[in-house]
Amino acid sequence: ESGVEMGRKILQNGYNFTAVFASTDSNAIGLMQAAREIGIHIPEDISLIGFDNIRISALPQIDLTTVAQPKEEMAVSAVDMLMKKIETGSKTFTHKIIKPHLIERSSCKKLNEPICNSD
């Protein structure tokens, strides 16, 4: 619902952008619905990317491009770090970067020309 409301707010008075990167797939799907209500086509008019790779984002009628977090790897790393802290008694901060990956589906327009000129 919040994605639909957000989508209506940013699309109802026109727009001057070509893409939206939503904070969650749920918000992206809501924006998709708002765009459909207003007559805006995704990806022809606006490209759309979500974040989380929830199951419904892969449904054929949604087919949302999204950023997937490696949840299993994150969980295993969190448990490993916690176990090491418990075993060693360490109170130090631990920082680990686990890279997400892009899952390309049909909600983003394909670009035929380079975005910027390297000249």
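# Briefing: sheet, helices and core of a predicted model

Strands S2 and S3 are paired in the parallel sense, with 3 bridges between them. The structure is a predicted model. Its 4 strands make up an open sheet of mixed pairing, ordered S1-S2-S3-S4. Helix H2 lies across S1, S2 and S3, and H2 also supplies the largest share of the largest nonpolar core, 5 residues.

**Sheet**

- The edge strands of the open sheet are S1 and S4 (101-103), each of which pairs on one side only. From one strand to the next, the twist averages 20°.
- Strands of a sheet pair through backbone hydrogen bonds, in either a parallel or an antiparallel arrangement. Both arrangements occur here: S2 and S3 are parallel, whereas S3 and S4 run antiparallel and are joined by 3 bridges.
- Phenylalanine 51 has valine 67 of S3 as its bridge partner. Threonine 66 stands opposite isoleucine 103, a residue of S4.
- In a regular strand, side chains alternate between the two faces of the sheet. In S3, Thr65 and Val67 lie on one side and Thr66 and Ala68 on the other. These four residues are all buried, and both faces of S3 are covered.

**Helix H2**

- Helix H2 spans residues 25-38. It contains 14 residues and reaches 20 Å from its first C-alpha to its last, close to the 20 Å expected at 1.5 Å a residue.
- With respect to S2, H2 runs at about 150°.
- The buried residues of H2 are Asp25, Asn27, Ala28, Ile29, Gly30, Leu31, Met32, Ala34 and Ala35.
- These buried residues pack against helix H1 (2-11) and against three strands: S1 (19-21), S2 (47-51) and S3 (65-68).
- Glycine 39 follows H2 and has a positive phi, near 95°.

**Nonpolar core**

- The largest nonpolar core comprises 13 residues, and Leu11, Leu48 and Leu64 have the most contacts inside it. Of these 13 residues, the largest share, 5 residues, comes from H2.
- Beyond its neighbours within four places in sequence, leucine 64 is in contact with Asp25, Ala28, Ile29 and Met32, among others. Those four residues are also among the buried residues of H2.
- Other contacts of leucine 64, with the same neighbours left aside, include Leu48, Ile49, Gly50, Ser57, Ile103, Arg105 and Ser107.

**Helix H1 and the aromatic pair**

- Isoleucine 10 belongs to helix H1. With neighbours within four places in sequence left aside, isoleucine 10 is in contact with Tyr15, Phe17 and Leu31.
- Isoleucine 10 counts as partly exposed because its relative accessibility of 33% falls between the limits of 20% and 50%.
- Isoleucine 10 and alanine 35 are 25 residues apart in sequence, and their C-alpha atoms are 9.8 Å apart in space.
- The count of aromatic pairs comes to 1. The pair consists of tyrosine 15 and phenylalanine 17, with 5.3 Å centre to centre and 45° between the planes.
- The pair is classed as tilted, because planes under 30 degrees apart would count as stacked and those over 60 as edge-to-face.
- Both members of the pair are partly exposed: tyrosine 15 has a relative accessible area of 32%, and phenylalanine 17 has one of 25%.

**Helix H3**

- Helix H3 covers residues 71-88. Its 18 residues reach 26 Å from the first C-alpha to the last, close to the 26 Å expected at 1.5 Å a residue.
- Serine 77 lies in H3. Serine 77 counts as buried because its relative accessibility of 8% is under the 20% limit.
- Not counting residues up to four places away in sequence, serine 77 touches Lys96 and Ile98.
- From C-alpha to C-alpha, serine 77 and isoleucine 98 are 9.1 Å apart in space, with a separation of 21 residues in sequence.
- Glycine 89, just after H3, takes a positive phi of about 75°.

Technical notes. Residues numbered from 1 in each chain as written. Predicted model: local features only at pLDDT ≥ 70, side-chain atom pairs only at ≥ 80, totals over all residues. Heavy atoms only, no water. Core = buried A, V, L, I, M, F, W, Y, C linked by side-chain atoms within 4.5 Å. Buried < 20%, exposed > 50% of the residue type's maximum accessible area, 1.4 Å probe, protein only. Helix = DSSP H or I, 4+ residues; strand = E, 2+ residues; numbered from the N terminus. Contact = heavy atoms within 4.5 Å. Expected span 1.5 Å × (residues − 1). Pairing = 2+ DSSP bridges. Axes fitted to C-alpha atoms, helices over the stretch in contact; angles between N-to-C directions. Phe/Tyr/Trp six-rings, centres within 6.5 Å; stacked < 30°, edge-to-face > 60°.
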